[in-house]
Amino acid sequence: MQTRRRFLVSLALCVALAGCAGLEPTKLGPKTVIEPVPVDEPAMLARLNAYRASKGLAPVALDARLTAVSSDMARYIAERDSMKTRQHSAEGLSGRLDAAGYRNYAGAENLGAGYATQDAAFAGWQGSAGHDRNLLNPYVTKMGLARVNRSDGTWRNFWVMTLSRPEADGRPVLVNR
């Protein structure tokens, strides 16, 4: 009886700790297909840099490593059919950049869901105070962009733009969400 009680207490503790660790279940049906969709990064970069220039900010450049980080996050949110995740936080972004071997001084991330086009995603980010702040972050110097489609679910189209300043580009600043 004592052994069984210890096992049940241990099991309950493991379940509780798993919830604290941010394990967020996927929402994949048996026929769900998730696939990356090519994006026109140079066009998005041009649009972003024109917007930044209109506000007196320096341009950013494309970074393949940030595109890979964006792709991973786009797949992650598509699998969950949700952008509500602990991975989308200053700590989450910093941890994902570190895991990708991308040492950075500043970082910001915009997620979007449901937008059928790049123009719609960018306009949506401009129309949101927090996302717009990320687009106009004066500390970032690099950008990556990704889109993933989901065959079923609520949103279908998932977008991620990751902005950062790699360690080689300057001194430390706070990570921005």
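Here are some notes on this predicted model, going from the whole chain down to single side chains.

1. **The overall layout.** The chain holds six helices and five strands. Along the sequence, they come in the order α-β-α-β-α-α-β-α-α-β-β. Of the 177 residues in the chain, 41% are buried. If you take the contacts with a separation of 6 or more, 76% of them join residues 24 or more positions apart. The accessible surface adds up to about 9,800 Å², and carbon and sulfur atoms hold 58% of that area.

2. **Strand β4 and its partners.** You may like to start with β4, which spans residues 142-150 and has seven of its nine residues buried. Strand β1 (residues 34-36) pairs with β4 in the antiparallel sense, over three bridges; here I34 has R150 as its bridge partner. Strand β2 (residues 61-62) pairs with β4 in the parallel sense, over two bridges, and A61 is matched with K142. With β5 (residues 157-166), β4 runs antiparallel and shares eight bridges.

3. **The β4-β5 hairpin.** Six residues separate β4 from β5 in this hairpin, and G153 in the turn has a positive phi of about 100 degrees. Two of the matched positions are worth picking out on screen: N149 stands opposite N157 of β5, and R147 has W159 as its bridge partner.

4. **A salt bridge at R150 and D152.** R150 and D152 form a salt bridge, with 3.0 Å between the closest N and O atoms. Are the two partners buried or exposed? R150 is buried, as its relative accessible area is 6%. D152 counts as partly exposed because its relative accessibility is 25%, and the buried class ends at 20%. R150 is also the residue that bridges to I34.

5. **Strand β5, covered on both faces.** In a regular strand, side chains alternate between the two faces of the sheet. In β5, N157, W159, M161, L163 and R165 lie on one side, F158, V160, T162, S164 and P166 lie on the other, and all of them are buried. That fits the count for the strand, where 10 of 10 residues are buried. Besides its pairing with β4, β5 pairs with β3 in the antiparallel sense over nine bridges. Within that pairing, E109 stands opposite T162.

6. **R96 and E109.** E109 also meets R96 in a salt bridge, at 2.8 Å from N to O. R96 lies in helix α4 (residues 90-99) and E109 in strand β3 (residues 104-113), so the pair ties together parts that are 13 residues apart in sequence. Both R96 and E109 are buried. The model has seven salt bridges in total.

7. **Helix α3 from end to end.** Helix α3 covers residues 64-80, which makes 17 residues. From first to last C-alpha it reaches 25 Å, close to the 24 Å expected at 1.5 Å a residue. At its N-terminal end D63 acts as a cap, with a side-chain oxygen 2.8 Å from the backbone nitrogen of R65. Just after the helix, D81 takes a positive phi of about 50 degrees.

8. **Charges along α3.** The buried residues of α3 include L66, V69, M73 and I77, and also the charged residues E79 and R80. R75 and E79 meet in a salt bridge at 3.8 Å from N to O. The two lie four residues apart in the helix, about one turn. R75 is partly exposed, at 35% relative accessible area. R75, E79 and R80 are linked in a network of salt bridges.

9. **A buried asparagine in a loop.** Where does N137 sit? N137 is in the loop between α6 (129-135) and β4. N137 counts as buried because its relative accessibility is 3%. The side chain of N137 reaches the backbone nitrogen of Y139 at 2.7 Å.

Conventions: Residues numbered from 1 in each chain as written. Predicted model: local features only at pLDDT ≥ 70, side-chain atom pairs only at ≥ 80, totals over all residues. Heavy atoms only, no water. Expected span 1.5 Å × (residues − 1). Buried < 20%, exposed > 50% of the residue type's maximum accessible area, 1.4 Å probe, protein only. Polar contact = N/O pair within 3.5 Å; in protein donor to acceptor, adjacent residues only side chain to side chain. Pairing = 2+ DSSP bridges. Contact = heavy atoms within 4.5 Å. Areas by Shrake-Rupley, 256 points an atom, 1.4 Å probe, with all protein chains shown as cover. Salt bridge = Lys/Arg side-chain N within 4 Å of Asp/Glu carboxyl O.
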